[in-house]
Amino acid sequence: MASWSEFAADEPRLADGIRVLMQQYGPGFGYLATVRADGGPRVHPVSPVITDEGLFCFIIDSPKRRDLERDGRYALHSFPPEESDDEAYVAGQARPVTDQARVARLAARAGAAPQVDWRLFEFTVDVAMLSRRDAGSAGGPGEGHGRPAVQVWLDPHADDRRLGPTPVVPQTRPGRRGRRDVQRSAA
């Protein structure tokens, strides 16, 4: 499981593209998927914090926090931009941050209110994906939105059995360590 910093060092342009979509409205904004106790999915709006140190989220006492405390698997998806269908996605493991100096530093940076019952989680990155559509190729209503350019990064050290089967990715080009650049038609 790679930290955000390790992922960003390996694929700086991909990490920057994901950061831009997650922070397009100022503070981070996205949808966090967690695993309920019965194994089903649960989705929550969150404000991820992306720094050079890592990818973090302050989680209040809620079902999503209990999900992460019990089963740290997560997926984080960007909020859709108003002007495009671009999207960013990361998935991995969420772990509570216990270093109080680090918690205090990140809380001050993110403006996390100290009187609120929140816990800080760091999100590792096993999978990162950025999908961009060519703005000039959008069709009319019902005609799709052009062919997306999809970049996928897989942590080469992640346990593939935990992630499940690797998706079939058509028209791949070799990239850097763990990266796949993909062209897909809109489905």
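**Arg 102**

I looked up Arg 102 in this predicted model and found a relative accessibility of 19%, so I entered the residue as buried, the cut-off being under 20%. Its side chain forms a salt bridge with that of Glu 53, with an N to O distance of 3.0 Å. I then checked where the two partners lie: Glu 53 belongs to the loop between strand S3 (49–50) and S4, Arg 102 to helix H4, and 49 residues separate them, so I noted the pair as a link between distant parts of the chain. Glu 53 has a relative accessibility of 29% and is therefore listed as partly exposed.

**Helix H4**

I next asked which residues of helix H4 (residues 100–110) are buried. The list consists of Arg 102, Val 103, Leu 106 and Ala 107. Viewed down the axis of H4, these buried residues occupy an arc of 130 degrees, so I recorded them as lining one face of the helix. For background I noted that an α-helix has 3.6 residues a turn, so residues three or four places apart point the same way.

I turned to the face of H4 directed away from the buried side and found the exposed residues Gln 100, Ala 101, Ala 108 and Arg 109 there. The cover over the buried residues of H4 includes strand S4 (55–60) and strand S7 (118–123).

I inspected both ends of the helix. At the start of H4, Asp 99 places a side-chain oxygen within 3.0 Å of the backbone nitrogen of Ala 101. Just after H4, Gly 111 has a positive phi of about 70 degrees.

**Salt bridges in helix H3**

I searched the whole structure for salt bridges and obtained 13. I examined two of them in H3.

The side chains of Glu 69 and Arg 65 form a salt bridge at 3.6 Å, N to O. The two residues are four apart in helix H3 (residues 63–70), which means that about one helical turn separates them. I then asked whether each partner is buried or partly exposed. Arg 65 is buried at 3% relative accessibility, and Glu 69 is partly exposed at 39%.

The side chains of Asp 67 and Arg 70 also form a salt bridge, at 3.5 Å, N to O. These residues are three apart in helix H3, so they too are separated by about one helical turn. Asp 67 is buried at 2% relative accessibility, whereas Arg 70 is partly exposed at 41%.

I followed the salt bridges that share partners and found one network joining Asp 61, Arg 65, Arg 66, Glu 69, Asp 117 and Arg 119. Glu 69 and Arg 65, paired above, are among its members.

**Aromatic pairs**

I searched the whole structure for aromatic pairs and found eight. In the pair of Tyr 25 and Phe 79, the ring centres are 5.8 Å apart and the planes stand at 75 degrees, so I classed the pair as edge-to-face. Tyr 25 is in the loop between helix H2 (12–22) and strand S1 (30–35), and Phe 79 in the loop between strand S5 (73–78) and strand S6 (87–96); the pair therefore ties together parts 54 residues apart in sequence. Both residues are partly exposed: Tyr 25 has a relative accessibility of 38% and Phe 79 a relative accessible area of 24%.

I examined a second pair, Phe 58 and Trp 118, also edge-to-face, with 4.6 Å from centre to centre and 85 degrees between the planes. Phe 58 lies in strand S4 and Trp 118 in strand S7, so this pair ties together parts 60 residues apart in sequence. Phe 58 is buried at 17% relative accessibility, and Trp 118 is buried at 18%. I noted again that S4 and S7 are among the elements covering the buried residues of H4.

Which residues form one aromatic cluster? I found Tyr 25, Phe 29, Tyr 31 and Phe 79 in it.

**Ser 131**

I closed with Ser 131, located in strand S8 (residues 127–133). The relative accessible area of Ser 131 is 3%, so the residue is buried. I listed its contacts, leaving out residues up to four places away in sequence, and obtained Asp 86, Glu 87, Pro 148, Ala 149 and Val 150.

Key
Residues numbered from 1 in each chain as written. Predicted model: local features only at pLDDT ≥ 70, side-chain atom pairs only at ≥ 80, totals over all residues. Heavy atoms only, no water. Buried < 20%, exposed > 50% of the residue type's maximum accessible area, 1.4 Å probe, protein only. Arc of directions from axis to C-beta. Contact = heavy atoms within 4.5 Å. Polar contact = N/O pair within 3.5 Å; in protein donor to acceptor, adjacent residues only side chain to side chain. Salt bridge = Lys/Arg side-chain N within 4 Å of Asp/Glu carboxyl O. Phe/Tyr/Trp six-rings, centres within 6.5 Å; stacked < 30°, edge-to-face > 60°.
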